[in-house]
Amino acid sequence: MPAHSIDRIVRNAVRGPSAGFSQGQAFLVLTGEDLPRFWAIASEAVGPSAHTAPLVIVPLSCKRVYLDRYARPDKGWTDRDESRWPVPFWHIDTGMAALLILLTAVDEGLGAVYFGIVPEAVGPLRAAFGIPADHEPIGAIAVGHDAGTGRTDFASRRRPLTEMVHHGHW
């Protein structure tokens, strides 16, 4: 995979929303010899065609960065109380960064798939790649070329738009 594609994918990932411009995301970028070690740990949640991808990116969220940022004087809080957060923006912002990775891969003419990392694999993943304890992997993204397996037709399982979109009232 061209280095310029990897650079563009990662550069765009950090352009997404960030509550308070906290920037509490990090990205573990794996290529080459790192990939067999990754797949030995985290292959369970995705099909074997993803294992041929020349690039895997693990987006990580860091709650500490958000709590520290919002305890600064310009935010008006003086503590790190999590109860002020209606939802965990550290995960939401990192999820949006993951979507930007997926969209940029498409823009680069590549295929990409997001998948979860099973809970039992998180500890070994941390150990193998030195991931700090305060960084939470929210999943992984395999990026490469279409494996030629064809697209899965989800039309029969797709919920109708009328069940999902509510205009003005539920």
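**A walk from Thr-94 to strand 5**

Start by selecting Thr-94: with a relative accessibility of 0%, this residue counts as buried (buried means under 20% relative accessible area, exposed over 50%, partly exposed in between, using a 1.4 Å probe and protein chains only). Before moving on, know that this is a predicted model, where local features need pLDDT of at least 70 and side-chain atom pairs count only at pLDDT 80 or more, while totals for chains, interfaces and linings use all residues. Residues are numbered from 1 along each chain as its sequence is written, and side-chain values use heavy atoms, with hydrogens and water left out.

Now show the cartoon. Thr-94 sits in helix 4, residues 89–107 (helices are DSSP runs of H or I with at least four residues, strands are runs of E with at least two, and both are numbered from the N terminus). Add Trp-90: its backbone oxygen is 2.7 Å from the side chain of Thr-94. Which residues is Thr-94 in contact with, leaving aside its neighbours within four places in sequence? Select Gly-24, Gln-25, Pro-59, Leu-60, Ser-61 and Ile-138 to see them (contact means heavy atoms within 4.5 Å).

Next stop, the largest nonpolar core, which has 21 residues (such a core is a set of buried Ala, Val, Leu, Ile, Met, Phe, Trp, Tyr and Cys residues joined through side-chain atoms within 4.5 Å). Pick out Leu-30, Phe-38, Trp-39, Val-56 and Val-58, the ones with the most contacts inside this core. Colour strand 1 (25–30), helix 2 (34–42), strand 2 (55–61), helix 5 (119–129) and strand 5 (140–144), since each supplies at least two of the core's residues. Then zoom in on Val-58: beyond its neighbours within four places in sequence, its contacts include Phe-27, Leu-30, Phe-38 and Ile-117. A second, separate core has 14 residues, among them Ile-6, Ile-9, Ala-13 and Leu-55.

Finish on strand 5. Is this strand mostly covered or mostly open? Mostly covered: five of its five residues are buried. Turn it around and you'll find Ala-140, Ala-142 and Gly-144 on one side, with Ile-141 and Val-143 on the other.

Now look at its partners. Strand 2 runs antiparallel to strand 5, joined by three bridges (two strands pair if DSSP finds at least two bridges between them). Strand 3 (residues 111–115) also pairs with strand 5 in the antiparallel sense, over five bridges. Centre on Ala-142 for the last view: Val-56 stands opposite this residue, and so does Val-113.

Note on methods
Polar contact = N/O pair within 3.5 Å; in protein donor to acceptor, adjacent residues only side chain to side chain.
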